[in-house]
Amino acid sequence: MNLANKTILLTGATGGIGSLLTSKLTAAKANLITLGRDPNKPASYHTDLANPTSRQELIKQILSDYPSLDIIIHAAGIGIYKSLVDLTSEDWYQSYELNVFAPLFLAQQLHPQLNLVLGSCSAFQHTPERSLYNSTKAALRALTLCLAQEQPGHFVHLALDSTLTAFGPLTLAQKQAKQKDGKIYLDPSWVSDQIISILQNDSRDTEYVLSPDCYPECGTWHKP
Ligand SMILES: NC(=O)c1ccc[n+]([C@@H]2O[C@H](COP(=O)([O-])OP(=O)(O)OC[C@H]3O[C@@H](n4cnc5c(N)ncnc54)[C@H](OP(=O)(O)O)[C@@H]3O)[C@@H](O)[C@H]2O)c1
């Protein structure tokens, strides 16, 4: 798909991956609509997508402002890593609203030609203090892949491994320190380039894994 003049809604546009995607999609001459939450960061719309009322208002506004959307890139997400005893009901509701229900309801009500969903390799991993985040990404993956069967060609799931942004409980500086100690992080600019090439590829698959590792329990792995 040639991205020039395509109307693309990008959630999480103010984040580490989203801000790079914003630059690259603008360079590709897409008609880009950016969504953020923090009003101090530039975006076309600022909304708390974890709040069902604000989310519905935003959907109504976009439906009135744009007759149709070609693509939604669902990049907004939150990563709360805590043990079960420390997780609050607010943590559960906020994470499921943002990581699962926001992509679902945006896709259902804005019905773009293509939904590209930024999921995580956490969807396949079962580790302590990740019950909340990993289960949201497992639900998001199941949801996306079921919808990809139901509406062929309209949904793509991307399972991302750890990427060097300020996502989750560690700061960017803390991750850079871990990187010096040997931890492998994907470069968010490289990740954004892969996303662009997946969008441009008309014979794209329904799932891609961007990871230096392999998770054999998941079957076949595709690289863009
Ligand atoms: N980085 C990783 O290691 C990694 C690995 C696997 C998957 N992923 C997934 O990749 C996606 C992008 O991650 P990233 O690394 O770019 O994260 P990031 O830098 O933390 O950015 C998160 C984005 O989500 C937005 N957001 C957070 N809460 C929101 C809310 N309630 N309503 C609306 N927007 C909200 C943020 O908006 P504001 O900044 O305006 O608040 C920001 O634009 C996420 O879905 C994440 O789960 C990331």
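This note sets out points on the fold, one helix pair and the ligand surroundings of a predicted model.

1. Overall fold. The protein contains six helices and seven strands. Read from the N terminus, its elements follow the order β-α-β-β-α-β-α-β-α-β-α-α-β. The radius of gyration is 17 Å, close to the 17 Å that the globule rule gives for 224 residues, so the protein is as compact as a globular protein of that length. Along the principal axes, the C-alpha atoms fill a box of roughly 45 × 35 × 35 Å.

2. Packing of H1 and H6. Helix H1 (residues 16-27) packs with helix H6 (residues 188-200) at an angle of about 55°, and their axes are 9 Å apart. H1 is therefore oblique to H6. The crossing of H1 past H6 is right-handed.

3. Residues of this contact. H1 contributes Gly16, Ile17, Leu20, Leu21 and Lys24, while H6 contributes Pro188, Ser189, Val191, Ser192, Ile195 and Ile196. By class, the residues of the contact of H1 with H6 comprise seven nonpolar, three polar and one charged.

4. Surroundings of the ligand. There are 28 residues around the ligand, and those that come nearest are Gly15, Gly16, Gly77, Thr165 and Phe167. Two elements, H1 and strand E5 (114-120), give two or more residues to this shell. H1 gives the most, with three residues.

5. Character of the shell. The residues around the ligand divide into twelve nonpolar, twelve polar and four charged.

6. A shared residue. Gly16 belongs to the contact of H1 with H6, and Gly16 is also among the residues that come nearest to the ligand.

Key. Residues are numbered from 1 along each chain as its sequence is written. This is a predicted model: local features need pLDDT of at least 70, side-chain atom pairs count only at pLDDT 80 or more; totals for chains, interfaces and linings use all residues. Axes are lines fitted to C-alpha atoms, for helices over the stretch in contact, and angles run from 0 to 180 degrees between N-to-C directions. Helices (H or I, at least four residues) and strands (E, at least two) are DSSP runs, numbered from the N terminus. Angles under 35 degrees count as roughly parallel, over 145 as roughly antiparallel, 65 to 115 as roughly perpendicular and the rest as oblique. A crossing is left-handed if the near helix is turned anticlockwise from the far one by less than a right angle, and right-handed if clockwise. Two residues are in contact if their C-beta atoms, placed from the backbone, lie within 7 Å. Ala, Val, Leu, Ile, Met, Phe, Trp, Tyr, Cys and Pro count as nonpolar, Asp, Glu, Lys and Arg as charged, and the others, Gly among them, as polar. A residue is near a molecule or strand if its C-beta atom, placed from the backbone, lies within 6 Å of it. The radius of gyration is taken over C-alpha atoms; the globule rule is 2.2 Å times the number of residues to the power 0.38.
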